[in-house]
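Trainee: I'm new to this one. Could we go through it together, a question at a time?

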Amino acid sequence: MSILPQVIFLVIFAAAGYVLYRRISFLKRNIMLGKKEERNDQPGERWKTMLLVAFGQQKMFKRWLPAFLHFLVYAGFIIINLEVAEFIIDGFTGQHRIFAPFLGGFYTFAMNAFEFLAVGVLVACVVFLIRRNITKVPRLTMKELKGWPAMDANLILIIEICLMMAILKMNAADQLLASRGVGHYTQLGTLFFSSLLKPFFEGFSTSFLIFTERAAWWFHIVGILSFAIYVTYSKHLHIFLAFPNTWYSKLQPKGEMTNMPEVTNEVNMMLGIPTEGAQEPPAEIGRFGAKDVNDLSWINVMNAYSCTECGRCTAECPANITGKKLSPRKIMMDVRDRAEEVGKSLDAGGKGLEDGKSLLGDYTTAEEINACTSCNACVEACPVNIDPLSIILQMRRYVAMEESGSPAQWNAMFQNMETSFSPWKFAPTDRFNWAESVKDEEIK
């Protein structure tokens, strides 16, 4: 037997592995552009969150139809990829269905299960294409999705349909060849879904069936390797990042805003309050808030790369619903696009973060972040626990504290808080005057 197919497979596999390694290194470097942040507390709660939200798809089932369809694709991706392990072993060894002799009847059962999931994935992808391009679900047709994001979503669905069809065609041709007693093809028993395609292939010659089976096998394995690379350039990176993203979820109550350590330490020092774990103040005070991706934490940047662009956050946002420019989904896309731009610039020997651009201003506008009501609807809606509000608040803090660029009404409120210790402009000594009137009434 010629070893040429094994050599070709080895070359393709090694090339895919190298490209994937380079891309993963690029993504890791981009994510680590953000500032350090430690979130390893409550490991038990974090495991629970990851298992329920990422693995169990808990938050998806608030909308049962897309949740069910997504679950089919998700389960298909995980379980069908068990068969890919056999593909890879077959590719390296030159064998065909290497597990079949060892697993016997269970192998036939497993193949039927894989085919069932393949058909489920195929149907789900067709429905998703219809929702995006025919019925045009509003959250899937907003302006931030024009161009590449829309093409990316459609392309990945079409690729999945082609991969699933390749499995079914390969199995149909495989079983016809086995029934003809050709070479190393193994008779597996009835494979329900692929057997429906057998009448279409029965009239073809054995040589054509061998070509069809081999072409489908190569298409599927090369397609899977290409898919793995493509995902790292796509919104579908959430397939992998959803797990670490949910692990590093913010576990505090959603209404609790994180104080700025720089400000907290300054206030404590002024008041003479000792701070646990306080470090020596830096020689130069860092930037307040966030203007660019390096001012955010690495978890914020990972959030951006984990974004599925599903639009549930924007669909729930009261500011967006009432016609404001704010779209939490666009905020996350802006962070990711800026990180990509900086990363590509650094790889090309460019200026990176010193290119004269910034996240705030060149990607996200002050009008967008000022429209946020801080209601946390976007955080609650996200199926993988992304936190757009954290990023919005950090950019608003930069505008307020570094540029004094908040709206005039806000500045008046800030001044009242500073001088009168309340949003309203009256002396703190008058704060309990209302109680005097109540006391007078009681005396009467």
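Mentor: Sure. One definition before we start: a helix here is a DSSP run of H or I with at least four residues, and helices are numbered from the N terminus. Keep in mind that this is a predicted model.

Trainee: Okay. Which helix holds both Phe-71 and Tyr-74?

Mentor: The two residues are 3 apart, about one turn of the helix. An α-helix has 3.6 residues a turn, so residues three or four places apart point the same way. The helix that holds Phe-71 and Tyr-74 covers residues 64-93, and that's α3.

Trainee: What kind of aromatic pair do Phe-71 and Tyr-74 form?

Mentor: The whole structure has 23 aromatic pairs. In the one formed by Phe-71 and Tyr-74, the centres are 6.5 Å apart and the planes are at 50°. Planes under 30 degrees apart would count as stacked and over 60 as edge-to-face, so this pair is tilted.

Trainee: Is Tyr-74 buried or exposed?

Mentor: Phe-71 has a relative accessible area of 37%, so that residue is partly exposed. For Tyr-74 the relative accessibility is 14%. Buried means under 20%, so Tyr-74 counts as buried.

Trainee: And how do the rings of Trp-247 and Tyr-248 pair up?

Mentor: Both of these residues are buried. Their ring centres lie 6.5 Å apart, and because their planes are at 85°, the pair is edge-to-face.

Trainee: Back to α3. How far apart are its end C-alpha atoms?

Mentor: This helix bends by about 30° at Leu-82. Its 30 residues, at 1.5 Å a residue, should span 44 Å. The end C-alpha atoms agree with that, because they are 44 Å apart.

Trainee: Which residue follows α3?

Mentor: Look just past the end of the helix, at a residue with a positive phi, near 80°. That residue is Gly-94.

Trainee: Which residues does Thr-108 touch, leaving out those up to four places away in sequence?

Mentor: Thr-108 sits in helix α5, residues 105-133. Its relative accessible area is 14%, so Thr-108 is buried. Leaving out those sequence neighbours, the residues it touches are Leu-188, Thr-190 and Leu-191.

Trainee: Last one: how far apart are the C-alpha centres of domain 2 and domain 3?

Mentor: The chain is divided into domain 1 (3-32 + 63-247), domain 2 (289-406) and domain 3 (415-443). Between the C-alpha centres of domain 2 and domain 3, the distance is 39 Å.

Methods. Residues are numbered from 1 along each chain as its sequence is written. This is a predicted model: local features need pLDDT of at least 70, side-chain atom pairs count only at pLDDT 80 or more; totals for chains, interfaces and linings use all residues. Side-chain values use heavy atoms; hydrogens and water are left out. Buried means under 20% relative accessible area, exposed over 50%, partly exposed in between (1.4 Å probe, protein chains only). Contact means heavy atoms within 4.5 Å. Rings of Phe, Tyr and Trp (its six-membered ring) pair if their centres lie within 6.5 Å; planes under 30 degrees apart count as stacked, over 60 as edge-to-face and the rest as tilted. Domain bounds come from an automatic or database domain assignment. The expected span of a helix is 1.5 Å times one less than its number of residues. The bend at a residue is the angle between axes fitted to the seven residues ending there and the seven starting there.
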